[in-house]
Amino acid sequence: MPKYIFEISGEHPSIPVSEIMHLLPHGNTGCTFIFGNFLMITVDMNRGEIVGISKRLAFTHYVDEYLFSSEPSKSSLLKTVSEREIPNIEGSFKVECENRSRMKGISQELEREVGAIYAEYAKVNLKNPDTEIRLLLSDDRWFVCKKLVEIDRGEYENRKADRRPFFLPISMHPRLARAMVNLSGIKEGEKLLDPFCGTGGMLIEAGLVGAKILGSDVQRWIAEGCKKNLHHYGLHDFQIEVLDVGDIEVFGKVDAVVTDFPYGKASTTKKEPVESLYNRAFFAISNVLKQRGRLVCAIPSTESIKIGSEYLDLIEVHPFRVHKSLIRYICVFMKC
Ligand SMILES: C[S@@+](CC[C@H](N)C(=O)[O-])C[C@H]1O[C@@H](n2cnc3c(N)ncnc32)[C@H](O)[C@@H]1O
């Protein structure tokens, strides 16, 4: 089976790995190893399939095809590079080193020396190469890879709440919203519902990965603003309703629910005690989810996780620090 390396971001200790694992088809995955910020996965998927999934990821910088690895030293690396079969380099190439090891100041000489070995077989082009060979250095192992995808993380900045036509300071960063959509494992064409849709942060990310998007909010003016935002990002095929969360059965059964619960500070609960609202919400969500469908939600406390666990099976919890005094728990629940 082919091996791929995901160069994940260090922004969070568990979400970057989880969002990848939830997008891989069950049963196709062999061994998985983590070397610092490099996640190596053996999976029965071709390059095209891996590229398709990779483009959705929020917390990964690059995805590479694994070629071989060496002990973590310059002499071992150069020996392995000269002994191994020359990688199939289409057109010109360059060598780029990503050093996440404690051994600093060696990137440039490794790039130069490995580049010199491969330059006997292909043309170097540092500005616009056809092939990028990546040297990934962790403390335990060094890898030689071929770049498959570089993820444009800048595009998430263009979708931040204050860049949308309808702005309220209740929407989380689009990168986290995208990761939450990925944790739900939603696939193109499947139905995803956000019953506390607010300005549409989750639905924008879900719509952009090809899900059928359904949303509701109890406040009409917010639901109307959400529609404006969806149109702004080229998403025109959606269903947005003005509804209390208790009435979401009008949507029928859905494959996933992804949502950021109101918690009574920046986002109102309409004066309803949080405990009562959350009981009603988890009950209603468990009724609209298909069997084995997932709920991915951001909730404010361990008490709210307990409430959720009375209605659905808890699979994962990722504490996420929004700022110094605010932690949200990103939870993955499943209807079993
Ligand atoms: C945290 S905000 C959601 C933010 C959203 N993810 C976004 O990108 O803007 C929670 C939303 O829940 C809505 N809400 C509060 N109580 C509700 C209820 N009982 N039923 C449905 N929506 C409700 C609020 O109007 C608010 O827009």
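Which elements do the buried residues of α9 pack against? The legends below take up this question along with other views of the predicted model.

**Figure 1. The whole chain of the predicted model.** The C-alpha trace spans about 70 × 40 × 35 Å along its principal axes. Ten helices and 14 strands make up the secondary structure of the chain. The chain has 336 residues, of which 38% count as buried. Among contacts between residues at least 6 apart in sequence, 71% join residues at least 24 apart.

**Figure 2. Helix α9 and the elements it packs against.** The buried residues of α9 pack against β8 (191–194), β11 (254–260), β12 (289–299) and α10 (302–309). These buried residues are Leu277, Tyr278, Ala281, Phe282, Ala284, Ile285 and Val288. The helix has 15 residues, which at 1.5 Å a residue should span 21 Å. The end C-alpha atoms of α9 are 21 Å apart, in agreement with that expected span.

**Figure 3. The two domains and the contacts between them.** The domain assignment divides the chain into domain 1 (3–150) and domain 2 (158–334). Eleven residues of domain 1 are in contact with eleven residues of domain 2. On the side of domain 1 that touches domain 2, five residues are nonpolar, four are polar and two are charged. The C-alpha centres of domain 1 and domain 2 are 34 Å apart.

**Figure 4. The largest nonpolar core.** This core has 81 residues, and those with the most contacts inside it are Ile5, Met180, Leu192, Ala206 and Val258. Helix α9 (residues 274–288) gives the largest share of the core, seven residues. Both domain 1 (3–150) and domain 2 (158–334) contribute residues, so the core lies between them.

**Figure 5. Val258 and its contacts.** Val258 is one of the residues with the most contacts inside the largest nonpolar core. Setting aside neighbours within four places in sequence, Val258 is in contact with Met180, Val181, Ser184, Leu192, Asp194, Met202, Ala206 and Val296. Among these, Met180, Leu192 and Ala206 are also listed with the most contacts inside the core.

**Figure 6. Ser184 in the loop between α6 and β8.** Ser184 counts as buried because 25 other C-beta atoms lie within 10 Å, and the cut-off for a buried residue is 20 or more. Not counting residues up to four places away in sequence, Ser184 touches Leu192, Ala256, Val258, Arg294 and Val296. Ser184 and Ser216 are 32 residues apart in sequence, and their C-alpha atoms are 18 Å apart in space.

**Figure 7. Met172 in the loop between α5 (154–157) and α6 (174–183).** Is Met172 buried, exposed or partly exposed? Met172 is partly exposed, with 19 other C-beta atoms within 10 Å. Apart from residues up to four places away in sequence, Met172 touches Ala177, Gly201, Asp260 and Ala298. Met172 and Glu272 are 100 residues apart along the chain, and 22 Å separates their C-alpha atoms.

**Figure 8. The shell around the ligand.** The ligand is surrounded by 21 residues, the closest being Ser171, Phe196, Gly198, Thr199 and Gly201. By class, the shell has eight nonpolar, nine polar and four charged residues. Gly201, one of the closest residues, is also touched by Met172.

Definitions and conventions. Residues numbered from 1 in each chain as written. Predicted model: local features only at pLDDT ≥ 70, side-chain atom pairs only at ≥ 80, totals over all residues. Near = placed C-beta within 6 Å. Nonpolar A, V, L, I, M, F, W, Y, C, P; charged D, E, K, R; others polar. Core = buried A, V, L, I, M, F, W, Y, C linked by C-beta atoms within 7 Å. Buried ≥ 20, exposed ≤ 12 C-beta atoms within 10 Å, placed from the backbone. Helix = DSSP H or I, 4+ residues; strand = E, 2+ residues; numbered from the N terminus. Domains from an automatic or database assignment. Contact = placed C-beta atoms within 7 Å. Expected span 1.5 Å × (residues − 1).
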